Amino acid sequence: MDSNEARRGLQSAGRYMLDNNLAWGNAGNISARLGPDRYLITASGTRLGELQDDDFVECSFAAPLSKDRKPSKETPMHRAIYEQRPEIGAVLHASPFYSTLVACTEIDLPADLFVEDMYYLERAEHVSYFHPGSPELGEAVRAKAGRANILFLDNHGELVYDTSIREALMGLQTLEMVCRMIVTARSAGLELRSLPAFTVSDFLEKSGYRPRREWPQ
Ligand SMILES: [Zn+2]
């Protein structure tokens, strides 16, 4: 993706996130890959719903490539994902209400409830709490990056990444919906009916919904 395309894509993703309760206030930071070792990330202090043309910083894996703005201080975890997963094109970090509520509990996320849930939540992992922007959080994310496309940052928020901005956004929205469904069902005393494991694996292998993800070994 060239940097104009990445910037426009991230601006519209940020607006979409605010408009759909997938982000709030000035929390969250988002990025898109520009090349094998480059990515564009929101600058420090920006608001996802109103990203201006100069609210981004191009970075290489080694360092930011411009001195005008500082990249988000949470850059280490974005970089860790781009380094570990060459096929990843976009990383979204946000703390929407229901997903963050679940990230503050021990609830396990089901991936056997409905179509998008089976696909986007096929693998999700927890990452223990470390302060935002710390090298420790970056390294904890690096350790789990290959095992999932959704990371729950305990008592903090979510990291969702995929081949494109559009797919990452769909993953984030699906995650928020699943969490909302679980919490709503619990509050209402409803028991959710899961699909059987063989149906889920049959769906992932044969339904043609999306090509099966190839997970790093
Ligand atoms: Zn954060």
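Is the crossing of H1 and H6 left-handed or right-handed? The crossing is right-handed, as taken up under View 2. This is a predicted model, in which local features need pLDDT of at least 70, side-chain atom pairs count only at pLDDT 80 or more, and totals for chains, interfaces and linings use all residues. Residues are numbered from 1 along each chain as its sequence is written, and side-chain values use heavy atoms, with hydrogens and water left out.

**View 1. The zinc ion and its protein donors.** Glu74 (OE), Glu74 (OE), His93 (NE2) and His156 (NE2) lie 2.0 to 2.6 Å from the zinc ion. Donors are N, O and S atoms within 2.8 Å of the metal (3.2 Å for Na, K and Ca); water is not among the atoms, so sites may look incomplete. The four donor atoms subtend angles of 52 to 143°, so the arrangement is irregular. Four donors count as tetrahedral if all angles lie between 85 and 135 degrees; four count as square planar and six as octahedral if opposite donors are over 155 degrees apart and all others between 65 and 115; anything else is irregular. Along the chain the donors follow the spacing E-x18-H-x62-H. Histidine 93 lies in strand E4 (residues 90-94) and histidine 156 in the loop between strand E6 (150-153) and strand E7 (157-162), so the pair ties together parts 63 residues apart in sequence. Helices (H or I, at least four residues) and strands (E, at least two) are DSSP runs, numbered from the N terminus.

**View 2. Helices H1 and H6.** The axes of H1 (residues 3-19) and H6 (residues 165-188) come within 10 Å and cross at roughly 15°. H1 is therefore roughly parallel to H6, a label for angles under 35 degrees (over 145 is roughly antiparallel, 65 to 115 roughly perpendicular, the rest oblique). Axes are lines fitted to C-alpha atoms, for helices over the stretch in contact, and angles run from 0 to 180 degrees between N-to-C directions. A crossing is right-handed if the near helix is turned clockwise from the far one by less than a right angle, and left-handed if anticlockwise. Residues of H1 including Leu10 and Tyr16 meet residues of H6 including Leu169 and Leu172; contact means heavy atoms within 4.5 Å.

**View 3. Alanine 148 in the loop between H5 and E6.** At 0% relative accessibility, alanine 148 counts as buried (under 20% relative accessible area; exposed is over 50%, partly exposed in between; 1.4 Å probe, protein chains only). Among the residues that alanine 148 touches are Arg85, Tyr161 and Trp215.

Definitions and conventions:
Lists of a residue's contacts leave out its neighbours within four places in sequence.
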